[in-house]
Amino acid sequence: MPVRRRRSPRVLRRRWPTTPTVLLWLVLLGLAARLFFREAEQTASLPQADQLHFVARVVDGDTLQLASGHRVRLIGVDTPETVHPQRPPEPLGPEASEFTHRLVEGRPVRLEFDRERWDAYQRVLAYVYVDELLLNEELIRAGLSRAFTTYPFRSDMQRRFRAAEAEARAARRGLWGLEPARQEPTAPP
């Protein structure tokens with residue numbers, strides 16, 4: 001009588017992935033590498049915060065171009081548009097551009113960064129200082145921009161910008177002088 005062998009428990013055999021699975025993983029790996037190296041490249045090309053940078057030109061009230069070629073978008077500021085290809089300049093847009101032009105064009109500025117370093121249009125996001133004057137805040141204080149706090153940035157800067165906007169509103173400067181006077185709701189204590 002033949003001897004019956006006991007079978008060992010079934011061992012799961014490792015199967016090689018199919019070609020579509022391998023291709024999918026290669027594509028995902030390639031995309032991840034591309035994003036990683038793009039981020040590293042942007043970080044390497046970011047203007048230094050501890051250096052002075054010369055402003056080559058003012059694009060509009062809230063965007064500058066540095067001599068290095070970097071475009072800088074002011075954090076927390078949204079001036080009326082002047083360079084939109086399909087619309088005429090908005091009220092006070094030219095004044096905002098002129099204000100920024102007078103303060104920074106051809107002058108050295110110091111940049112300070114926040115959490116986000118780049119916007120969707122590959123512009124550097126920064127607080128821009130001319131000597132000790134914060135351009136972002138001065139545009140708001142002059143009534144040439146609203147405090148644009150939709151995107152997250154430092155809470156101390158948000159408070160400064162909101163205070164500058166409240167000052168401009170109270171004095172009816174710039175944008176706040178264009179609107180008819182209305183009663184502002186009071187905040188609960």
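Is Arg-173 buried, partly exposed or exposed? Keep that one in mind as you turn the model, which is a predicted one; the tour comes back to Arg-173 at the salt bridges.

**The whole chain**

Start with a cartoon view of everything. The protein chain holds 5 helices and 8 strands. Follow them from the N terminus and the order reads α-β-β-β-β-α-β-β-β-α-β-α-α. If you colour by accessibility, buried residues come to 35% of the 189 residues in the chain.

**Stop 1: helix H1**

Select residues 19-45, which form helix H1, and find Leu-24 within it. Now add Trp-25, Val-27, Leu-28 and Leu-31 to Leu-24 and show them as a surface: together these five make a nonpolar surface patch of about 530 Å².

**Stop 2: the largest pocket**

Next, bring up the largest pocket. About 660 Å³ of space lies in it. Which residues lie nearest its centre? Select Arg-73, Asp-119, Arg-123, Leu-125 and Tyr-151, and you have them, out of a lining of 28 residues.

Colour the lining by residue type and you will find 13 nonpolar, 3 polar and 12 charged residues. Then look at the strands behind it. Strand E1 (52-60), strand E3 (71-74) and strand E4 (77-78) each bring at least two residues to the lining. Of the elements, E3 gives the most, with 3 residues.

**Stop 3: a salt bridge beside the pocket centre**

Stay with two of the residues you have just selected. Asp-119 and Arg-123 are among those nearest the centre of the largest pocket, and their side chains meet in a salt bridge, with 2.6 Å from N to O. Are these two partners buried or exposed? Arg-123 has 16% relative accessibility, so it counts as buried. Asp-119 has 15%, so it counts as buried too. Both values fall under the 20% limit for a buried residue.

**Stop 4: Gln-122 and Asp-131**

Move to Gln-122, in the loop between strand E5 (108-112) and strand E6 (124-130). Its backbone deserves a look: phi is positive, about 60 degrees, although Gln-122 is not a glycine. Gln-122 is partly exposed, with a relative accessible area of 36%.

Follow the chain through E6 to Asp-131, in the loop between E6 and strand E7 (133-134). Here again is a non-glycine residue with a positive phi, this time of about 55 degrees. Asp-131 has 58% relative accessibility and so counts as exposed, because the limit for that class is over 50%.

**Stop 5: more salt bridges**

How many salt bridges does the model hold? The count comes to 15. Select Arg-154 and Asp-156 to see one of them, with 2.9 Å between N and O. Arg-154 is partly exposed at 27% relative accessible area, and Asp-156 is partly exposed at 30%.

Now for the residue in the opening question. Arg-173 pairs with Glu-167 in a salt bridge of 3.4 Å, N to O. At 29% relative accessibility, Arg-173 counts as partly exposed, and Glu-167 is partly exposed as well, with 34%. Widen the selection to Glu-137, Glu-138, Arg-141, Arg-160, Glu-167 and Arg-173, and you will see a network of salt bridges linking them.

**Stop 6: two pairs that meet across the sequence**

Go to helix H2 (residues 93-104), where you will find Gly-93. Gly-93 is buried, with a relative accessible area of 0%. Show Glu-81 as well and draw a distance between the C-alpha atoms: the two residues are 12 apart in sequence and 5.4 Å apart in space.

For the last selection, pick Arg-107, which sits in the loop between H2 and E5. Arg-107 is partly exposed, at 31% relative accessible area. What separates its C-alpha from that of His-53? Along the chain the gap is 54 residues, while in space the two C-alpha atoms are 8.1 Å apart.

Methods. Residues are numbered from 1 along each chain as its sequence is written. This is a predicted model: local features need pLDDT of at least 70, side-chain atom pairs count only at pLDDT 80 or more; totals for chains, interfaces and linings use all residues. Side-chain values use heavy atoms; hydrogens and water are left out. A salt bridge is a side-chain nitrogen of Lys or Arg within 4 Å of a carboxyl oxygen of Asp or Glu. Buried means under 20% relative accessible area, exposed over 50%, partly exposed in between (1.4 Å probe, protein chains only). Patches are made of residues with over 30% relative accessible area and no salt bridge: like charges are joined within 9 Å, nonpolar side chains (Val, Leu, Ile, Met, Phe, Trp, Tyr) within 5 Å. Accessible areas come from the Shrake-Rupley method with a 1.4 Å probe; for residues, only the protein chains shown count as cover. Helices (H or I, at least four residues) and strands (E, at least two) are DSSP runs, numbered from the N terminus. On a 1 Å grid over the protein atoms alone, a cavity is a set of points where a 1.4 Å probe fits but cannot get out, and a pocket is an open set with protein on both sides within 12 Å along at least five of seven lines; lining residues have an atom within 4 Å of a point. Grid points are joined across faces, edges and corners, and a volume is the space filled by probe spheres set on the points. Ala, Val, Leu, Ile, Met, Phe, Trp, Tyr, Cys and Pro count as nonpolar, Asp, Glu, Lys and Arg as charged, and the others, Gly among them, as polar.
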